[in-house]
There are 2 protein chains.
Amino acid sequence: MKAEVIAVGTELLLGHIPNTNAQWISEVLAETGVDVMFHTTVGDNLGRLSVTVGSALQRCDAVIITGGLGPTHDDLTREAIAEATGRELVSDPALEEWLQALFESRGRRMAPANLRQAMLPVGAESIPNGLGTAPGISLEIDGRWIFAVPGVPAEMKPMITDFVAPRLASMAGGAVLVSRTLKAAGIGESDLAQRIAPTIESLERGGSATIALLASAGEVRVRITAKAQTREAALESIAPVEEDVRSRLGSLIFGADEEKLEGVIAAMATQRQITISVAESFTGGLVASRLVSIPGASSFFRGGYIAYSPEMKEGILGVAPELVAKGVVSGEVAVAMAEGARERTGTTVALATTGEAGPVPASASIGTVFIALAHEGGSVVRSFIAPGHRDMIRRWGAQAALNMLRLWLLGEIT
Amino acid sequence: MKAEVIAVGTELLLGHIPNTNAQWISEVLAETGVDVMFHTTVGDNLGRLSVTVGSALQRCDAVIITGGLGPTHDDLTREAIAEATGRELVSDPALEEWLQALFESRGRRMAPANLRQAMLPVGAESIPNGLGTAPGISLEIDGRWIFAVPGVPAEMKPMITDFVAPRLASMAGGAVLVSRTLKAAGIGESDLAQRIAPTIESLERGGSATIALLASAGEVRVRITAKAQTREAALESIAPVEEDVRSRLGSLIFGADEEKLEGVIAAMATQRQITISVAESFTGGLVASRLVSIPGASSFFRGGYIAYSPEMKEGILGVAPELVAKGVVSGEVAVAMAEGARERTGTTVALATTGEAGPVPASASIGTVFIALAHEGGSVVRSFIAPGHRDMIRRWGAQAALNMLRLWLLGEIT
């Protein structure tokens, strides 16, 4: 089944916003077994929009339109569908009633313009909108389908997942594309590729799944994708590949799909009643902020120090002046910061970071990072050179510090 | 002059990546006076790609294609242009030589496949690529133009700004669209709209510029856009509107275009040799991290405390136990945190945050935020209810704290 996604809005053509709706809808359709052949973006212009809808109907089995369903004179998707299909627009009494009730429940008076949103092309069905005043449109034309949903992502997404995707899935009846993403930390992209080279090569010789690698600051994602008749069958193709990749990467993998490093740490720390504090220099709050981002962080995270200046490292963390004098980007300073934070906060474990993020090197070459972890039995320190500019070096440092904590929680660092 | 932007790549249709190239190119073209009428995305398929190029040539004066110029068999933009225009592909000796030299200078042997990148449709000119091995293509067909550039943003962007945009500008010879964005903090979108309502109304009655408002956590942007024959003339239309908006909003506006709140603070603090520290609870490092993100932060930022747990507020910041016992989300606690941080760090000023980010309300209703600032002469505190979920409440709190510091630096809060 072939589909075209049409995004409506002059602001997209002016480059004011990216077309993330088309991306999101395409991801959902791929999982539904629909092949998206084209994305088209068109402005708020009736002529161009109806021509676009018409040509999409000629080359695809399903046309998904997002945007242009609001109550203003700029919202022309209803009219364009009517024009492209030769169907008249008529007011739907049930929709009129629903709109009226919606405004009443919000204590607002309905403007006459809103009645436009009760209009449907003859033969069309409305798609319920649980969050806004713009109902969607579902219309069959000679075995081909048009689905129109609003452009507001919060309204559009449930309408696609609850209404459009299930209909398309039952029509498609074909193959679905399913992906599973494993996330690794503490290893670079090329080293990881080398470790799983046998897996990749055997899949290339003929396998039911493919592998793609994606790298960001301190994280490499391994995406395994399979195509099959059903979601279950695709997952069955993915499972042995995932097992193989996991056996080759071991604890380098910290999670899958939507899991985050800080979430994995939160789960382990909460379960084992371990408390955490931080002492951050160049990361300047990034480590703490990621831990605090987890709902329920107060069960494991206590707080800590941002010791950005050398005076703070000495004054509030008790790093020895002779260490600071030798340069604040060192393993000794990182360890002293972690130990100072642990002593002062009384937590099970403390994480520290010190590094040179640039743009002007002060006491070490740009990208130099030291991370340390202090626990009851002692402390550990690691060092590496992070690539990129200030922002990336800082994100890389925070990621490495969190990964060090994860490995300590796993008992792999002692 | 009308243009269509075609993005080539199956990964776009699968939703793996957003089409940020089309957005970026559209922004540049708008400033160049070109009206972008359509964005089209098509996969790595010769038939569909050549049909797409052909229909774009029929409906627009300029077609900008991004992607599909690499050396592999999946890269089909050259062939599609040749097919759509009926021009033969021939190897360009100068490009062959350039490619050969490029590989030699990198100490690599050129694969035969790379010679495909020296092919051009008859009559085409190559667009220099300063960063990669894929030259672009510029071709005139009966007064209409095709420009093809790679999909890698780092290579594509200079090729558009240095080659494509100047050519289009001289051909367009028409109006250019220029925007200027003023950024405000400490006011909501609807209050801001009310304050500048006279400006908006007078522009709607007929003016040479338009205004659009865009809101995010704790920030409202006022975008003023003007169309004119030249960039200079557009800026002349914008200037009086900007002046009018600024006079109505005063110090609510903290910057323009790419300026950030933390950057504005950094400039003021550095110039006046003011030092800053923080004591963060629910923002958990967000305030510090934004200040540290500014290159040269060490000249004004010293560090501070993340006092997430009540014990930390008492133990490391010296907040009185009786205050903590009454609940940590209060103005008194915020002030005590700021004063504690200022005393311990010896900075000119200290900022503190305490609030309830949810998801479960502990000591105040979700969204309650207190921010405080301690200085030599005393301290100030503000409170508000932030909307949204945990992440947005935290970002809103950090933004408000930084804005409080900015207003103090301006002498508007004492």
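How do strand 2 of chain A and strand 2 of chain B pair, in the parallel or the antiparallel sense, and over how many bridges? Select residues 35-42 in chain B together with strand 2 of chain A: the two pair in the antiparallel sense, over 5 bridges. For one rung of this ladder, pick His39(A), whose bridge partner in strand 2 of chain B is Thr41(B). Keep in mind as you go that this is a predicted model.

**Stop 1: the sheet of 12 strands**

Now widen the selection to the sheet around that pair. It is an open sheet of 12 strands with mixed pairing, and its order is 6(A)-7(A)-8(A)-3(A)-1(A)-2(A)-2(B)-1(B)-3(B)-8(B)-7(B)-6(B). The edges are strand 6 (125-127) of chain A and strand 6 (125-127) of chain B, each of which pairs on one side only. From one strand to the next, the twist averages 20°.

Next, add helix 6 in each chain. In chain A, helix 6 (residues 153-172) lies across strand 3 (62-66), strand 6, strand 7 (136-141) and strand 8 (144-149), and runs at about 170° to strand 8 of chain A. In chain B, helix 6 lies across strand 3 (62-66), strand 6, strand 7 (136-141) and strand 8 (144-149) of that chain, again at about 170° to strand 8 of chain B.

**Stop 2: helix 2 against helix 6 in chain B**

Stay in chain B and show residues 20-31, which are helix 2, beside residues 153-172, which are helix 6. Their axes are 10 Å apart and the packing angle is about 25°. Angles under 35 degrees count as roughly parallel, and helix 2 of chain B and helix 6 of chain B are therefore roughly parallel to each other. Their crossing is right-handed.

Turn on side chains here. From helix 2 of chain B come Asn21(B), Trp24(B), Ile25(B), Val28(B) and Leu29(B), and they meet residues of helix 6 of chain B including Pro153(B), Met156(B), Ile160(B) and Leu168(B). Coloured by class, this contact of helix 2 of chain B with helix 6 of chain B shows 9 nonpolar, 2 polar and 1 charged residues.

**Stop 3: the sheet of 10 strands**

Move on to strand 14. Strand 14 of chain A and strand 14 (residues 301-307) of chain B run antiparallel and are joined by 5 bridges. Zoom in on Gly303(A), which stands opposite Ala307(B) in strand 14 of chain B.

What is the order of the strands in the open sheet here? Its 10 strands follow the order 17(A)-16(A)-15(A)-13(A)-14(A)-14(B)-13(B)-15(B)-16(B)-17(B), with mixed pairing. Strand 17 (378-385) of chain A and strand 17 (378-385) of chain B stand at the edges with a single partner strand each, so one side of each is left without a neighbour in the sheet. The twist averages 15° from one strand to the next.

Inside chain A, select residues 349-355 and 368-375: these are strand 15 and strand 16, paired in the antiparallel sense over 6 bridges. Thr353(A) stands opposite Ile371(A) of strand 16 of chain A.

**Stop 4: helices on the sheet in chain B**

Show helix 14 (residues 331-345) of chain B, which lies across strand 13 (276-280), strand 14, strand 15 (349-355), strand 16 (368-375) and strand 17 of chain B. This helix runs at about 145° to strand 15 of chain B. Helix 15 of chain B lies across strand 15, strand 16 and strand 17 of chain B, at about 30° to strand 16 of chain B.

Add helix 10 (residues 261-271) of chain B: its axis and that of helix 15 (residues 390-409) of chain B come within 10 Å and cross at roughly 30°. The crossing of helix 10 of chain B and helix 15 of chain B is left-handed. Among the residues that meet are Val264(B), Ile265(B) and Met268(B) from helix 10 of chain B, and Leu402(B), Leu405(B) and Arg406(B) from helix 15 of chain B. By class, this contact holds 8 nonpolar, 2 polar and 2 charged residues.

**Stop 5: the whole contact between the chains**

Finally, zoom out. Chain A gives 49 residues to the contact and chain B gives 48. Elements of chain A supplying at least two residues each include helix 2 (20-31), strand 2 (35-42), strand 14 (301-307) and helix 14 (331-345). The side of chain A that touches chain B divides into 24 nonpolar, 18 polar and 7 charged residues.

Try a superposition too: a turn of 180° and a shift of 0.6 Å along the axis lay chain A on chain B with an RMSD of 0.6 Å. That is the relation of a two-fold axis. Of the interface residues of chain A, 98% are also interface residues in chain B, so the copies meet through the same surface.

Notes:
Residues numbered from 1 in each chain as written. Chains lettered and ligands numbered in written order. Predicted model: local features only at pLDDT ≥ 70, side-chain atom pairs only at ≥ 80, totals over all residues. Axes fitted to C-alpha atoms, helices over the stretch in contact; angles between N-to-C directions. Helix = DSSP H or I, 4+ residues; strand = E, 2+ residues; numbered from the N terminus. Parallel < 35°, antiparallel > 145°, perpendicular 65-115°, else oblique. Left-handed = near helix turned anticlockwise from the far one by under 90°. Contact = placed C-beta atoms within 7 Å. Nonpolar A, V, L, I, M, F, W, Y, C, P; charged D, E, K, R; others polar. Pairing = 2+ DSSP bridges. Least-squares fit on C-alpha atoms with pLDDT ≥ 70 in both.
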